[in-house]
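Please read these comments with the sequence and the structure open beside you. They are short and go from the whole chain to single residues.

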Amino acid sequence: MAGLKSMFVAMIALTLSGCTFYSGLKPVYPDVGHPNYHVVKVSSLQPTLKWEASSEPDATYDLNIFEGPETGSDLLPMPGWKRDPVKLIYSREGLQKPEHAVEEPLKPGYAYFWSVRTHEKEKISKWSRYSYCLFGGFF
């Protein structure tokens, strides 16, 4: 078969999988979403943040809110965007309840991250955080 060339097409696909876990007090509202792709929207620029209560009845809580990247649209940034640098913009200490109404309006069009920790008698917990790992493979 003159003039015919045989062609071999090799397809390489990248597969991504991973693991996620939350350490510390888990958020109740708003949910944190998936750490790579999911943006949780709230209806107020002064939301009331809620998290699970400590098992210690006299515990107090500290809260930090960080400003992340400008989102600008409903489209999400590239995977891994929640690892971009953030800056601390709001902090409260000694909260008596596992919730807090943000007292200063947040800027619209930005991603925000929040974290809490407990004071239980003499013990101060680590800050809560959402951790994840991403595995890639070829086939």
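The points below cover confidence, overall make-up, the sheet, the core and three chosen residues.

1. Confidence. This is a predicted model, so the confidence scores come first. The average pLDDT of the chain is 75, and 61% of the residues reach at least 70. One stretch to treat separately is residues 4–17, where pLDDT stays under 50. For that stretch the model has 20 contacts beyond four places in sequence.

2. Overall make-up. What secondary structure does the chain contain? There are nine strands and zero helices, so the elements read β-β-β-β-β-β-β-β-β from the N terminus. Of the 139 residues in the chain, 27% are buried. The accessible surface is about 9,900 Å², and carbon and sulfur atoms account for 57% of that area.

3. Contacts along the sequence. Take the contacts between residues at least 6 apart in sequence: 77% of them join residues at least 24 apart. Leu63 and Trp114 are a pair to look up, with their positions 51 residues apart in sequence and a C-alpha to C-alpha distance of 7.2 Å.

4. The sheet. Four strands form an open sheet in the order E5-E4-E7-E8, and their pairing is antiparallel. Which strands lie at the edges? They are E5 (87–95) and E8 (123–124), each of which pairs on one side only. Strands of a sheet pair through backbone hydrogen bonds. Between E7 (residues 110–120) and E8 there are two bridges; Glu120 has Lys123 of E8 as its bridge partner.

5. The core. The largest nonpolar core consists of 12 residues, including Leu25, Trp51, Leu63, Ile65, Tyr90 and Trp114. Strands E3, E4, E5 and E7 each give two or more residues to this core, and E4 gives the most, with three. Trp51, one of the core residues, has contacts beyond four places in sequence that include Leu25, Pro27, Tyr61, Leu95, His100, Trp114 and Val116.

6. Leu63. This residue lies in strand E4. Is Leu63 buried or exposed? Leu63 counts as buried because its relative accessibility is 0%, and the cut-off for buried is under 20%. Beyond four places in sequence, Leu63 touches residues that include Leu49, Tyr90, Leu95, Trp114, Val116 and Trp127. Leu49, Tyr90, Leu95, Trp114 and Val116 are also listed in the core.

7. Ser115. Strand E7 holds Ser115, which is buried because its relative accessible area is 7%. What does the side chain of Ser115 reach? It reaches the backbone oxygen of Ser128, at 2.6 Å. Outside its neighbours within four places in sequence, Ser115 is in contact with Asp62, Leu63, Asn64, Trp127 and Ser128.

8. Ser54. Where is Ser54 found? Ser54 sits in the loop between strand E3 (48–51) and strand E4 (60–70). Although in a loop, Ser54 counts as buried because its relative accessibility is 12%. Its side chain makes a polar contact of 2.3 Å with the side chain of Glu120. Neighbours within four places aside, Ser54 is in contact with Leu25, Ala59, Tyr61, Thr118 and Glu120. Glu120 therefore appears twice in these notes: as a side-chain partner of Ser54 within the 3.5 Å limit for a polar contact, and as the bridge partner of Lys123.

Note on methods:
Residues numbered from 1 in each chain as written. Predicted model: local features only at pLDDT ≥ 70, side-chain atom pairs only at ≥ 80, totals over all residues. Heavy atoms only, no water. Buried < 20%, exposed > 50% of the residue type's maximum accessible area, 1.4 Å probe, protein only. Contact = heavy atoms within 4.5 Å. Areas by Shrake-Rupley, 256 points an atom, 1.4 Å probe, with all protein chains shown as cover. Polar contact = N/O pair within 3.5 Å; in protein donor to acceptor, adjacent residues only side chain to side chain. pLDDT = per-residue confidence, 0-100. Pairing = 2+ DSSP bridges. Core = buried A, V, L, I, M, F, W, Y, C linked by side-chain atoms within 4.5 Å.
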